[in-house]
Amino acid sequence: MNVAPRKRISPEVLFYDKAEMLKGMPFNVRFFRHEEYTPHYHNFCESVIVLGGSGLHRSSCGDYRIFAGDVFTISPGIVHGYDECSNLFLVNLMLDPEQEWLPEADLRNIPGFAALFDFEPQFRRQTEFRAKLTLNVEKLTHLCAMMQSLNDELRLRPAGYLFTARGYLALILSDLSRCYGASGRTGSYKMTQLTMMLQFMKENHRRRITLEDIARHGNTSTRGANRIFNEFLQMPPIEQLLRIRLHAAAEMLAVQGCPVAETAYACGFNDSNYFSVQFRKLFGLSPRAYAKRGGRIAETLPAVEA
């Protein structure tokens, strides 16, 4: 077991700082045995694999039981801890959100990656989402061995350790992402479907998209797509597409200073007047006023902006 440096922010809550936990690296790994409830938070992303035992994961997003094989990701700033522990043994993969751990382009093409590392943590904050990835014994044993190898490289630092560590990290993230996409759990499968539909919308928001197009990319029917979006985002797919387009337009106005009409057409709107009305509804300002202020987001959708 590695003993983590920590700072007590209040009598009840500890803060784990990435400067101490990651030692200047873009990622690190630590094995923990938990016996008592210690609420804490940190300024890095943390993916947790339960290697053995059981417990109750308590967080500001809600409480849920965890068992061997469970995998979940905790975003920076979330106060959480482990209670009612029974031989609870975890491995934490810690990732600095401000550094590049790996070239992510290929990873983000695996729907399970975005689901596990982006969408699921945010839906835990926004909704009652409780589904999580659970590994079988064979996959858990395999990933535990790779985590130990990654830990050895980072701790012992032999020649070429960073290159080798990145290789292990790539294998770990790839395996977890593929497992998430192949999970038979209803909640995880729906999350993967939602991720595929959102990715399609983000990549194609500048052109005409129908509900049928969106549903097809989620391997579901139009009715199924509506159910999934309403369950996780409390809105239908077409409304989410509208918001993605509006966020893309807001970035163009604030960063590039594009004219309003040009921005509207570039982001998939055929009518600049309709665009202006919808923009004001979402951001509380007209597109022109927003651009003059250099951008001010009055409403955000962290996981699904364009």
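A salt bridge here is a side-chain nitrogen of Lys or Arg within 4 Å of a carboxyl oxygen of Asp or Glu. With that in hand, welcome to a predicted model in which Arg58, Asp63, Arg65, Asp83 and Glu84 are linked in a network of such bridges. The count of salt bridges comes to 11, and the structure also holds 10 aromatic pairs. Below is a short tour, starting with a hairpin.

**The hairpin of E5 and E6**

- Strand E5 covers residues 45-59, and E6 covers residues 64-67.
- These two strands run antiparallel to each other and pair over 4 bridges.
- Serine 54 has phenylalanine 67 of E6 as its bridge partner.
- Between the strands of this hairpin lie 4 residues, and glycine 62 adopts a positive phi near 125°.
- E6 shows two faces: Tyr64 and Ile66 make up the covered one, while Arg65 and Phe67 make up the uncovered one.
- Arg65, on that uncovered face, also belongs to the salt-bridge network with Arg58, Asp63, Asp83 and Glu84.

**Salt bridges across the chain**

- Within the network, glutamate 84 and arginine 58 meet through their side chains at 3.7 Å, N to O.
- This pair joins distant parts of the chain, with glutamate 84 in strand E8 and arginine 58 in strand E5, 26 residues apart.
- Both partners count as partly exposed: glutamate 84 has a relative accessibility of 42%, and arginine 58 has 24%.
- Lysine 190 and glutamate 231 form another salt bridge, 3.1 Å from N to O.
- Here the link runs from helix H5 (residues 186-204), which holds lysine 190, to helix H7 (residues 222-233), which holds glutamate 231, and the two residues are 41 apart.
- Lysine 190 is partly exposed at 25% relative accessibility, and glutamate 231 is partly exposed at 39%.

**A buried salt bridge**

- Aspartate 96 and lysine 18 form a salt bridge whose closest N and O atoms are 3.1 Å apart.
- The two residues lie 78 apart and link distant parts of the chain: lysine 18 is in helix H1 (residues 18-21), and aspartate 96 is in the loop between strand E8 (80-95) and helix H2 (111-126).
- Aspartate 96 has a relative accessible area of 4%, so it is buried.
- Lysine 18 counts as buried too, because its relative accessibility of 18% falls under the 20% cut-off.

**Aromatic pairs and a charge over a ring**

- Among the 10 aromatic pairs is that of phenylalanine 31 and phenylalanine 89, with ring centres 6.2 Å apart and planes at 35°, so the pair is tilted.
- This pair connects strand E3 (residues 27-34), home of phenylalanine 31, with strand E8, home of phenylalanine 89, across 58 residues.
- Phenylalanine 31 is buried, at a relative accessible area of 7%.
- Phenylalanine 269 and phenylalanine 275 also form a tilted pair, at 5.0 Å centre to centre and 55° between the planes.
- Phenylalanine 269 and phenylalanine 275 are both buried.
- These two residues belong to one aromatic cluster, together with Tyr274, Phe279, Phe283 and Tyr290.
- Phenylalanine 89, already met as the ring partner of phenylalanine 31, has the charged end of arginine 33 sitting over its ring, 4.1 Å from the centre.

Definitions and conventions. Residues are numbered from 1 along each chain as its sequence is written. This is a predicted model: local features need pLDDT of at least 70, side-chain atom pairs count only at pLDDT 80 or more; totals for chains, interfaces and linings use all residues. Side-chain values use heavy atoms; hydrogens and water are left out. Buried means under 20% relative accessible area, exposed over 50%, partly exposed in between (1.4 Å probe, protein chains only). Two strands pair if DSSP finds at least two bridges between them. Rings of Phe, Tyr and Trp (its six-membered ring) pair if their centres lie within 6.5 Å; planes under 30 degrees apart count as stacked, over 60 as edge-to-face and the rest as tilted. A charge sits over a ring if NZ of Lys or CZ of Arg is within 6 Å of the ring centre and within 35 degrees of the ring normal.
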